[in-house]
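Colleague: Please take a close look at the pairs of oppositely charged side chains in this model. Start with those in helices, and then describe the parts of the fold around them.

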Amino acid sequence: MIDCKTIHKNKRILVGVTGGIAAYKSPDLVRRLMERGADVRVVMTDAAKEFIAPLTLQAVSGHPVFQHALDAEAESGMGHIELARWAEMIVVAPATANFMAKAAHGEADDLLSTLVLASEADLVIAPAMNQQMWQHQATRENIEVLQGRGITIIGPGEGDQACGETGLGRMTEPEDIAQQLLGDGIPQLLAGKTVLVTAGPTWEAIDPVRGITNRSSGKMGFAVADAAKDFGATVVIVCGPVSICAPVGIEKIDVQSAKQMQEAVMGQIDDCDIFIGVAAVADYRPVKVADQKIKKDNDEMVITLVKTPDILSAVAKSEPKLFTVGFAAETENLIENSRKKLKAKNVDMIVANDVSGQESAFGNDSNAVTIIHKQGEVIGEIILERTDKYRLAIQIIEHICKQYLKNQKSKNEGKDQSKNP
Ligand code: C5P
């Protein structure tokens, strides 16, 4: 099970860089925090700029580096108070003895120290300094004050120092800092794999202005696509009409009707390893679509409907067989109906979604589901508690990965045995 600590989608972290030789490690720290999903901004002190160029940190973080407390241009964008409010965590790495002394005594004579005072964010300090400075009574007392306030101090480590001495004072390695703060990150179990996801509703036209559709915001499908990408997959999403933006880094194919969705899906599956049908595909479409808006001259109206293609079943039948996952929205007998669906559609997994109560998934940012999975003839169930859709999607993809990789392993073992009977 992925530790919640590893899911830091968009966690807002301000990295403060102060003037020590270990500043050369700060871009690596920024990169490692970003790899774990964090949204990072950087503040540098004047002394830090003697060791490393702001442009380096701008290039790595993808944002201009904040440098001055009273910079009119910066204040017209994200001003220092706004930046202090924006941050959920401030990580000062490397932190000099001078920075720690200022932080311990509440001094605010530059942008970074001002932000630390003005922010309610968790403060983390990774000290780096000469071993004598680290041992000095003044530094020891400052650390005691900072720790007494609940501030996290990471390191320093022991070893050879840039000044030629040996001892305690080396900044903890960026990977270790990132690991301690955000965990291992999401394992790249789907690296090299392509995942095809359907999302949103479909729209089955009656005439140019009216149609039949299903309730679906597309949020769950987008969260699943985003999570698959975060597990390292290349992701393609085929999406019905929705009003939300697709996650970045994902190829999106827009469609309207079930037929168009089927065509788009079938056009992609040869290049895919896993198919996840999250779309709420309309089950029926009007046999005839009127060219012009139908007039409401009659009190009653009959529209003949015909079944739409079942995309999920079609994908499950295709050869070579993809690992196929369906979503089932049910208002009653959730598990029983979903188990039936798993068998009828011959898929590997069904994610069952109770859409009956007020807390149903529709348009909501959170959801709870039960996964019904098939391994050979054995059908099992896993309950995933209510949480936001991205976190839920991470857990769903984690289960998909486990079963997909198990299936691949037994397929390969089967092949080996047939080679060497
Ligand atoms: O049969 P039911 O619509 O409840 O099944 C839901 C699952 O089947 C979802 O994964 C949905 O994307 C998929 N489906 C489909 N094509 C349809 C209807 C449903 O792919 N025409």
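**Salt bridges and their surroundings**

Modeller: Searching the whole structure gives 26 salt bridges. The term covers a side-chain nitrogen of Lys or Arg within 4 Å of a carboxyl oxygen of Asp or Glu. In general, side chains of opposite charge can pair when their charged atoms come close. The model is predicted, so local features need pLDDT of at least 70 and side-chain atom pairs count only at pLDDT 80 or more, while totals for chains, interfaces and linings use all residues. Residues are numbered from 1 along each chain as its sequence is written, and side-chain values use heavy atoms, leaving out hydrogens and water.

One pair is D226 with K229, at 3.4 Å from N to O. Both residues belong to helix α10, 3 residues apart, which is about one turn of the helix. Helices here are DSSP runs of H or I with at least four residues, strands are runs of E with at least two, and both are numbered from the N terminus. D226 is buried because its relative accessible area is 12%, and K229 is partly exposed because its value is 22%. Buried means under 20% relative accessible area, exposed means over 50%, and partly exposed lies in between, with a 1.4 Å probe and protein chains only.

A second pair is E336 with K340, whose closest N and O atoms are 3.8 Å apart. These two residues are in helix α13 and 4 residues apart, so about one helical turn separates them. E336 has 46% relative accessible area and is therefore partly exposed, while K340, at 51%, counts as exposed.

A third pair, K409 and E413, has its closest N and O atoms 3.9 Å apart. About one helical turn lies between them because they are 4 residues apart in helix α14. K409 is exposed, at 54% relative accessible area, and E413 is partly exposed, at 43%. Elsewhere, D28, R31, R32, E35, R36 and E175 are joined into one network by salt bridges that share partners.

Helix α14 (residues 389-419) also holds H399. This histidine counts as buried because its relative accessibility is 13%. Leaving aside residues up to four places away in sequence, H399 touches M349, I371, I382 and L384; contact means heavy atoms within 4.5 Å.

Next comes the sheet beside helix α10. Its 8 strands form an open sheet in the order β12-β11-β8-β13-β16-β17-β18-β19, and the pairing is mixed. Two strands are taken to pair if DSSP finds at least two bridges between them. The edges are β12 (251-254) and β19 (378-388), each pairing on one side only. On average, neighbouring strands are turned by 15 degrees against each other, direction ignored. Within the sheet, β17 (residues 349-354) and β18 (residues 366-375) run antiparallel and are joined by 5 bridges. In β18, T370 stands opposite A352. Helix α10 (residues 219-230) packs on this sheet and touches β8, β11, β12, β13, β16 and β18; its direction makes about 165 degrees with that of β11. Such angles run from 0 to 180 degrees between N-to-C directions, with axes as lines fitted to C-alpha atoms, for helices over the stretch in contact.

The loop before helix α13 is also worth a look. N333 lies there, between β16 (323-330) and α13 (334-344). Its phi is near 40 degrees, a positive value in a residue other than glycine. Most residues other than glycine have a negative phi, and most peptide bonds are trans. N333 counts as partly exposed because its relative accessibility is 46%.

There is another open sheet, with 5 strands in the order β2-β1-β3-β4-β5 and parallel pairing. Its edge strands are β2 (39-44) and β5 (152-153), each pairing on one side only. Strand β1 (residues 12-17) pairs with β2 over 6 bridges in the parallel sense. Helix α9 (residues 174-182) packs on the sheet and touches β1, β3 (89-95) and β4 (122-127), its direction making about 160 degrees with that of β3. P94 is in strand β3, and the peptide bond joining A93 and P94 is cis, with omega about 0 degrees.
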